[in-house]
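Biologist: I would like to go through this model with you, one topic at a time. Could you bring it up on the screen?

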Amino acid sequence: MRKGLFALAAVGLLATGSMAACGSDSGDTAAPGGSGDSGSKAGKVGVILPDTKSSARWATADLKYLTEAFKAAGVEADIQNAQGDKTQFQTIADGMIASGVKVLMIVNLDSGTGKAVLDKAKSSGIATIDYDRLTLNGGADYYVSFDNVEVGKLQGQGLIDCLTEKKVTKPVVAYLNGSPTDNNATLFKEGYDSILKPKFDANEYVKGPDQDVPDWDNVQGGTLFEQMLTTNKDIKGVLAANDGLGNAAIQVLKKNKLNGQVPVTGQDATVQGLQNILVGDQCMTVYKAIKQEADAASELAIALAKGEAPTSATGTVTDPESKKDVKSVLLKPQSITKANVKDVVADGFVTKEELCTADFAKACTDAGIS
């Protein structure tokens with residue numbers, strides 16, 4: 001097994017056992033296929049992913065890595081995607097609870113819906129895990145994510161570095177924040193505000209338009225940014241909360257022949273985001289090694305499904321609404337610029353074939369991707 005490039009929080013290796021088929025992102029529930037004892041002794045795990053619109057990761061990375069982890073442990077898993085539909089989210093959860101899952105792992109669409117699902121699961125004696133997004137006042141037994149304030153700090157510092165490199169004087173900085181219903185978006189903003197506010201306070205930078213983007217919708221993000229740029233032609237930097245919103249801003253900048261001149265941040269190290277970095281349209285992204293997150297969450301779920309006490313959740317996060325501590329695993333994010341895009345490829349998160357298509361072949365070569 002090739003060692004991952006980035007050292008994150010300690011995550012135990014999953015036990016290898018008999019194989020069991022998992023559900024797919026189409027929402028199909030797979031029957032157990034294990035031939036050994038481990039799958040039959042363990043309870044079933046239900047996983048609800050949020051959508052495929054807010055980030056490509058939910059279809060391309062999380063599904064893949066969670067499926068592999070549960071198969072390796074011989075634990076039956078039903079992995080479904082709510083496709084951004086809150087009613088569907090609750091319907092999926094009801095089905096999983098009725099089917100007798102022993103563990104329910106969710107990525108909430110909002111805290112209200114998430115809490116309703118977690119409450120139902122807990123009333124049925126089901127162990128619960130918040131995956132990637134904390135459900136506020138949800139009372140999940142465990143929480144697995146990245147240090148999301150640190151993600152925001154990396155974005156803020158990345159934008160400062162890019163503006164410094166371009167020698168921009170007193171730039172107007174616009175914010176395209178994530179969804180107001182996603183606690184992670186709040187944490188990201190807390191992080192980049194902490195880095196950029198001193199620049200605003202010192203009158204070195206000017207705080208420009210500051211907009212939340214409902215549901216992380218890239219189309220709305222593009223519309224909002226077009227309105228920002230129309231009313232404020234002096235925008236010289238864009239703090240975009242993820243690669244999708246960053247690309248939405250870049251498309252508007254292209255229409256105005258400003259791409260590459262106005263630094264734009266991102267997050268998730270998507271193929272599109274990395275390609276934008278390679279050609280100079282995006283200044284940075286934040287790489288969150290999704291396999292590490294999926295492995296950490298599945299390790300917890302597998303232990304709980306087998307009736308074991310998990311040992312990996314050694315940290316705690318305080319729920320800002322309930323003020324209760326949640327046992328947690330928080331992983332470390334990494335800043336990615338053109339200088340180290342190759343590291344994401346080396347880590348196996350994206351492939352050279354995906355990234356270095358014809359339009360980006362030269363840029364890949366220039367960036368040392370071989």
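Biologist: Is Ser 298 buried or exposed?

Modeller: Ser 298 counts as buried, because its relative accessibility is 0%. Please bear in mind that this is a predicted model.

Biologist: Where does Ser 298 sit?

Modeller: Ser 298 belongs to helix α10, which covers residues 290-305. A polar atom of the Ser 298 side chain lies 2.8 Å from the backbone oxygen of Ala 294. The C-alpha atom of Ser 298 is also 9.2 Å from that of Val 45, although 253 residues separate the two along the chain.

Biologist: Staying with α10, which side chains form a salt bridge with Lys 291?

Modeller: Lys 291 pairs with Asp 295, at 2.8 Å from N to O. Both residues lie in α10, four residues apart, which is about one turn of the helix. Lys 291 is partly exposed, since its relative accessible area is 37%. Asp 295 has a relative accessibility of 15% and therefore counts as buried, the cut-off being under 20%. Elsewhere, Arg 57, Asp 62, Asp 132 and Glu 293 are joined into one network by salt bridges that share partners.

Biologist: How many salt bridges does the structure hold?

Modeller: It holds 18 salt bridges. One of them joins the side chains of Glu 204 and Lys 199, with an N to O distance of 3.0 Å. Another links Asp 210 to Lys 207, where the closest N and O atoms are 3.2 Å apart.

Biologist: And why do Glu 204 and Lys 199 count as partly exposed?

Modeller: Glu 204 is placed in that class because its relative accessible area is 38%. Lys 199 is partly exposed because its relative accessibility is 21%. As for the other pair, Asp 210 is partly exposed at 31%, and Lys 207 is partly exposed at 36%.

Biologist: Let us change topic. Which side chain of opposite charge is nearest to Asp 51?

Modeller: That is Arg 133, at 4.7 Å. Asp 51 is buried and has no salt bridge, because a salt bridge requires the nitrogen and the carboxyl oxygen to be within 4 Å.

Biologist: What polar contact does the side chain of Asp 51 make, then?

Modeller: The side chains of Asp 51 and Ser 54 are joined by a polar contact of 2.7 Å. In addition, a polar atom of the Asp 51 side chain lies 3.5 Å from the backbone nitrogen of Lys 53. Asp 51 itself is in the loop between β1 (45-49) and α2 (57-73).

Biologist: Now the empty space. How many cavities of 30 Å³ or more does the structure hold?

Modeller: There is one cavity of that size, and it contains about 130 Å³ of space. Its lining consists of 14 residues, with Asp 132, Arg 133, Trp 216, Asp 268 and Lys 288 nearest its centre.

Biologist: What is the make-up of that lining?

Modeller: The cavity lining divides into three nonpolar, five polar and six charged residues. Helices α2 and α6 (183-201) each contribute at least two residues to it.

Biologist: Finally, what is the volume of the second largest pocket?

Modeller: Its volume is about 250 Å³. The second largest pocket is lined by 14 residues, and those nearest its centre are Cys 162, Glu 165, Gln 282, Cys 283 and Lys 338. This pocket lining comprises six nonpolar, four polar and four charged residues.

How values were computed:
Residues numbered from 1 in each chain as written. Predicted model: local features only at pLDDT ≥ 70, side-chain atom pairs only at ≥ 80, totals over all residues. Heavy atoms only, no water. 1 Å grid on protein atoms, 1.4 Å probe; cavity = no way out; pocket = protein on both sides within 12 Å on 5 of 7 lines; lining within 4 Å. Points joined across faces, edges and corners; volume = space filled by probe spheres on them. Nonpolar A, V, L, I, M, F, W, Y, C, P; charged D, E, K, R; others polar. Buried < 20%, exposed > 50% of the residue type's maximum accessible area, 1.4 Å probe, protein only. Lys, Arg positive; Asp, Glu negative; His and termini not counted. Polar contact = N/O pair within 3.5 Å; in protein donor to acceptor, adjacent residues only side chain to side chain.
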